[in-house]
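Below are some notes on the fold, set out as numbered points. Please read them against the coordinates.

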Amino acid sequence: MNHTESSIQLRKSNDLDAKQVHKLICLLENENLDLEMFTQMFSGNVRDPRNIYLVAEENGLIVGFISCHSQVLLHHLDIVYEIQEMFVDEHFRGKGLGRQLLENLQNEIQLRKGKYLEVSSNKLRDQAHEFYQLAGFNRTHYKFTKNLNA
């Protein structure tokens with residue numbers, strides 16, 4: 001498939017995007033997430049002014065998504081924005097769409113006078129690590145997780 005960047009529109013996400021974004025997040029996580037629960041959570045998150053949700057769309061089809069949440073962190077004495085999810089459909093990769101999503105996110109954060117952007121990435125996603133490093137992110141932390149229900 002040959003797609004030109006000019007045919008893709010980047011925009012803020014809204015409630016109507018839930019089903020299509022659900023498909024992308026299921027691919028990202030390699031898991032079939034409950035659509036009804038996802039839609040409820042998505043709707044709450046997309047409406048929360050602390051969050052930034054952006055989509056890349058071609059002819060009504062969402063082919064890329066990035067979500068970012070913000071919170072006040074004491075150790076920064078400031079608001080820190082953190083990318084929670086980012087996914088570009090495999091047919092649209094390698095064409096700069098991820099970079100465009102990230103640049104639009106950074107522009108939105110700067111409009112909000114934000115200074116800090118962080119991202120965590122699964123240790124198995126080497127291509128994502130390379131992408132973020134090429135985008136100017138520095139590998140400065142380790143992230144540890146624990147499932148309290150296990």
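1. Strands β3 and β4 pair in the antiparallel sense, with 10 bridges between them. The two strands form a hairpin with four residues in between. At the strand ends, Leu-73 stands opposite Asp-78 in β4. Within the turn, Leu-77 has a positive phi of about 50 degrees. The model is a predicted one.

2. The pairing of β2 (residues 52–58) with β3 (residues 61–73) is also described as antiparallel, here over seven bridges. Two partners can be checked by eye: Tyr-53 is bridged to Ser-67 of β3, and Glu-57 is bridged to Ile-62 of β3. This hairpin has two residues between its strands, and Asn-59 in the turn has a positive phi of about 50 degrees.

3. On the other side of the topology, β4 (residues 78–88) runs parallel to β5 (residues 116–119), and four bridges join them. One of the pairs is Tyr-81 with Leu-117 in β5. The connection from β4 to β5 passes through helix α3 (residues 97–111), giving a β-α-β crossover that is right-handed.

4. Which strand order does the sheet have? The order is β1-β2-β3-β4-β5, in an open sheet of five strands with mixed pairing. The edges are formed by β1 (9–12) and β5, each of which pairs on one side only. From one strand to the next, the twist averages 25 degrees.

5. Helix α3 also needs a remark in relation to the sheet. The helix lies across β1, β2, β3, β4 and β5, and runs at about 145 degrees to β2.

6. Two further helices form a pair. The axes of α1 (residues 18–29) and α2 (residues 35–47) come within 10 Å and cross at roughly 110 degrees. Because angles of 65 to 115 degrees count as roughly perpendicular, α1 is roughly perpendicular to α2. The crossing of α1 and α2 is right-handed.

7. Which residues make the contact of α1 with α2? From α1 come Ala-18, Lys-19, Val-21, His-22 and Ile-25, and they meet Leu-35, Phe-38, Thr-39 and Phe-42 of α2. By class, the contact residues divide into six nonpolar, two polar and one charged.

Terms used
Residues numbered from 1 in each chain as written. Predicted model: local features only at pLDDT ≥ 70, side-chain atom pairs only at ≥ 80, totals over all residues. Heavy atoms only, no water. Axes fitted to C-alpha atoms, helices over the stretch in contact; angles between N-to-C directions. Parallel < 35°, antiparallel > 145°, perpendicular 65-115°, else oblique. Left-handed = near helix turned anticlockwise from the far one by under 90°. Contact = heavy atoms within 4.5 Å. Nonpolar A, V, L, I, M, F, W, Y, C, P; charged D, E, K, R; others polar. Pairing = 2+ DSSP bridges. Right-handed = clockwise from strand over helix to strand, strands pointing away.
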